[in-house]
Amino acid sequence: MHPRTMQIHAHTAYTQWLSLEPWDLFLTMTDHTICHPEKMYKRTRHAMNLINTSLYGKNFYKQGKGVEYVIGIERQKRFSAHSHTIIRLPDHDVRDRDQFPLGYWHKTINELGGRAKLELPLNSLAICDYVTKYVCKEGELYFSETFHPAMPKAFSHTLFGTVH
């Protein structure tokens, strides 16, 4: 099989697999300067750690808690790194400002450097497709330690959410 064909198959498979469960947030991060992909990865991880610490406390990982996320990173034509992240908050309702103040987190992540946009996704399949396109563009996908594909923790599947 041709390598490009394999990339397209991988992209399609990742998109279908990740879109099986809904995602709560979509984060885009861009750097104004030439930025190495590892620097962008660390900045994105730092943002996720800030959210985790705020929602679950300092020992969130030891407690088996935390947000689930998938980061897609690519180099832009101007050689700077660019990332898109899909985020799932399993026991917080992102539509409730008391549980997750979206404006506050958008501002906080934006202050980490570069430019950031944190938003509620309109279409889970579309954002999964957008994040996984990096496997076709020689980019990389990173999965959070809390991401368990066999046991997704979508808000609607917890005691806090309502299953419809």
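## A tour from Phe100 outward

Begin by selecting Phe100 in this predicted model. Leaving aside residues up to four places away in sequence, Phe100 touches Leu25, Ile51, Leu55, Leu89, Asp93, Val94, Trp105 and Leu118.

Next, widen the selection to the largest nonpolar core, which has 24 residues. Phe100 is among those with the most contacts inside this core, together with Val67 and Ile87. At least two core residues come from each of β1 (25-30), α2 (37-56), β2 (68-75), β3 (81-88), α3 (102-110) and β4 (115-119). Which element gives the most to this core? Select α2, which supplies six residues. Apart from this core lies another, of ten residues, including Ile127, Cys128, Leu141 and Phe147. In soluble globular proteins, nonpolar side chains tend to be buried together.

Now show the strands. Five of them make an open sheet, ordered β4-β1-β3-β2-β5, with antiparallel pairing. At the edges stand β4 and β5, each with a single partner strand, so one side of each has no neighbour in the sheet. On average, neighbouring strands of this sheet are turned by 15° against each other, direction ignored.

Within the sheet, pick out β1 and β3. They pair in the antiparallel sense over six bridges. To see where the two strands face each other, select Leu25, which stands opposite Ile87 in β3. Both residues have already appeared on this tour: Leu25 is touched by Phe100, and Ile87 is one of the core residues with the most contacts.

Turn to the helices that lie against these strands. Select α3, which lies across β1 and β4 and runs at about 160° to β4. Then select α4, which packs on the sheet and touches β1, β2, β3 and β5. The direction of α4 makes about 145° with that of β3.

Stay with α4, residues 124-132. Which of its residues are buried? They are Ser124, Ile127, Cys128, Val131 and Thr132. Looking down the axis of α4, you will find these buried residues within an arc of 125°, so they line one face of the helix. An α-helix has 3.6 residues a turn, so residues three or four places apart point the same way. Among the elements covering the buried residues of α4 are α1 (3-18), β1, β2, β3 and β5 (140-143).

Finish at the N-terminal end of α4, where Asn123 forms a cap. Select Asn123 and Leu125: a side-chain oxygen of Asn123 lies 2.9 Å from the backbone nitrogen of Leu125.

Terms used:
Residues are numbered from 1 along each chain as its sequence is written. This is a predicted model: local features need pLDDT of at least 70, side-chain atom pairs count only at pLDDT 80 or more; totals for chains, interfaces and linings use all residues. Side-chain values use heavy atoms; hydrogens and water are left out. A nonpolar core is a set of buried Ala, Val, Leu, Ile, Met, Phe, Trp, Tyr and Cys residues joined through side-chain atoms within 4.5 Å. Buried means under 20% relative accessible area, exposed over 50%, partly exposed in between (1.4 Å probe, protein chains only). Helices (H or I, at least four residues) and strands (E, at least two) are DSSP runs, numbered from the N terminus. Contact means heavy atoms within 4.5 Å. The arc is that of the directions from the helix axis to the C-beta atoms. A polar contact is a pair of N or O atoms within 3.5 Å; within protein, one must be able to donate a hydrogen and the other to accept it, and residues adjacent in sequence count only if both atoms are side-chain atoms. Two strands pair if DSSP finds at least two bridges between them. Axes are lines fitted to C-alpha atoms, for helices over the stretch in contact, and angles run from 0 to 180 degrees between N-to-C directions.
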